[in-house]
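This report considers how parts of one protein chain pack together and how charged side chains pair within it. Please keep the sequence and the structure in view while reading.

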Amino acid sequence: MINIRTPQEVKLLREAGRVVAKTHQYLQQFIKPGITTKELDKLAEKFILSCHATPSFKGLYGFKGSICTSINDMVIHGIPSSHEKLKDGDIISLDIGACLNGYHGDSAWTYKVGNVSKEAEFLMKVTHDALFEGLKQAKPGNRVGDISAAIEHYVAANGCTSPYDYTGHGVGTSVHEDPLVPNYGRAGHGPKLQVGMVIAVEPMVHLGKAEVYVLDDEWGVKTLDHSLAAHYEHTIAITNDGYEIMTTL
Ligand code: MG
Ligand code: MG
């Protein structure tokens, strides 16, 4: 079932999204060689709690971290670890969810650690821009497939790929709701976008092939060819004239 949110609910989703955006902003100062992903996780949790919110992902389906920390060839769902230190030249995707007053926000962003390769810069730009290519299609009357197809075409035009089995989703009183918002699709297909729908659009993009595998920890998803991966995500609300980003300051 696809939920259509009232203006009051959109206000609550905006407030939850703002906590997520503030957490991303807060964490950036710590993204340096030497810090562990566990330390980033603890900083994120403390910050989210200080905003009177709770980390959406902690305990979700049994996840042990407060945020997902995915380095280099890890696409998504990296579990924070005290044994994993950031190194100069890494890229790290932080996927952050927060729940405030019963409503969630969900946003991922990929960050540079020190100086990164030209290839990494290219991948980050393609993935970031794929998100906004998708969002251009986010307006009432369009369909989810219009967003999906725009992302797919932009990623393919840049010689990159996305994993097949991981998608965006509705966001509301649960962090994962209907509908699915895939990074592949056919324009004009899928559920119709309506004012008050709130969805997370989240291209995950690989420099190499689309195939991925899940680590023995049953969470981390890596590219099979170990090519670099990036991930950008915003939670948005469909409005009369297009969309509004919930996960922004
Ligand atoms: Mg997310
Ligand atoms: Mg998401």
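At what angle do helix 1 and helix 2 pack, and how far apart are their axes? The model is a predicted one. In it, helix 1, formed by residues 7–27, packs against helix 2, formed by residues 37–50, at an angle of about 135°. Their axes lie 10 Å apart. Helix 1 is therefore oblique to helix 2, since an angle that is neither under 35 degrees, nor over 145, nor from 65 to 115 counts as oblique. The crossing of these two helices is right-handed.

The residues that meet can be listed for each helix. Helix 1 contributes Lys22, Thr23, Tyr26 and Leu27, while helix 2 contributes Leu40, Leu43, Ala44, Phe47 and Ile48. By class, this contact has 7 nonpolar residues, 1 polar residue and 1 charged residue.

**Salt bridges**

Side chains of opposite charge can pair when their charged atoms come close. The structure holds 11 salt bridges, and the table presents some of them with the distance between N and O atoms.

| Residue | Partner | N to O distance |
|---|---|---|
| Arg5 | Glu9 | 3.0 Å |
| Lys222 | Asp73 | 3.7 Å |
| Asp90 | Lys87 | 3.6 Å |

Arg5 and Glu9 are both buried. The pair of Lys222 and Asp73 ties together parts that are 149 residues apart in sequence, because Lys222 lies in strand 11 (residues 221–223) and Asp73 lies in the loop between strand 2 (68–71) and strand 3 (74–76). Asp73 has a relative accessible area of 12% and is therefore buried, the cut-off for this class being under 20%.

Is each partner in the salt bridge of Asp90 with Lys87 buried or exposed? Asp90 is buried, with a relative accessible area of 3%. Lys87, by contrast, is exposed, with a relative accessible area of 51%. Elsewhere, salt bridges that share partners join Arg5, Glu9 and Glu177 into one network.

**A glycine in helix 3**

Gly134 belongs to helix 3, which spans residues 118–135. The relative accessible area of Gly134 is 0%, so this residue is buried. Which residues does Gly134 touch, not counting those up to four places away in sequence? They are Ile147, Ala150 and Ile151. As for Ile91, this residue is 43 residues from Gly134 along the chain, and the C-alpha atoms of the two are separated by 23 Å.

Methods. Residues numbered from 1 in each chain as written. Chains lettered and ligands numbered in written order. Predicted model: local features only at pLDDT ≥ 70, side-chain atom pairs only at ≥ 80, totals over all residues. Heavy atoms only, no water. Axes fitted to C-alpha atoms, helices over the stretch in contact; angles between N-to-C directions. Helix = DSSP H or I, 4+ residues; strand = E, 2+ residues; numbered from the N terminus. Left-handed = near helix turned anticlockwise from the far one by under 90°. Contact = heavy atoms within 4.5 Å. Nonpolar A, V, L, I, M, F, W, Y, C, P; charged D, E, K, R; others polar. Salt bridge = Lys/Arg side-chain N within 4 Å of Asp/Glu carboxyl O. Buried < 20%, exposed > 50% of the residue type's maximum accessible area, 1.4 Å probe, protein only.
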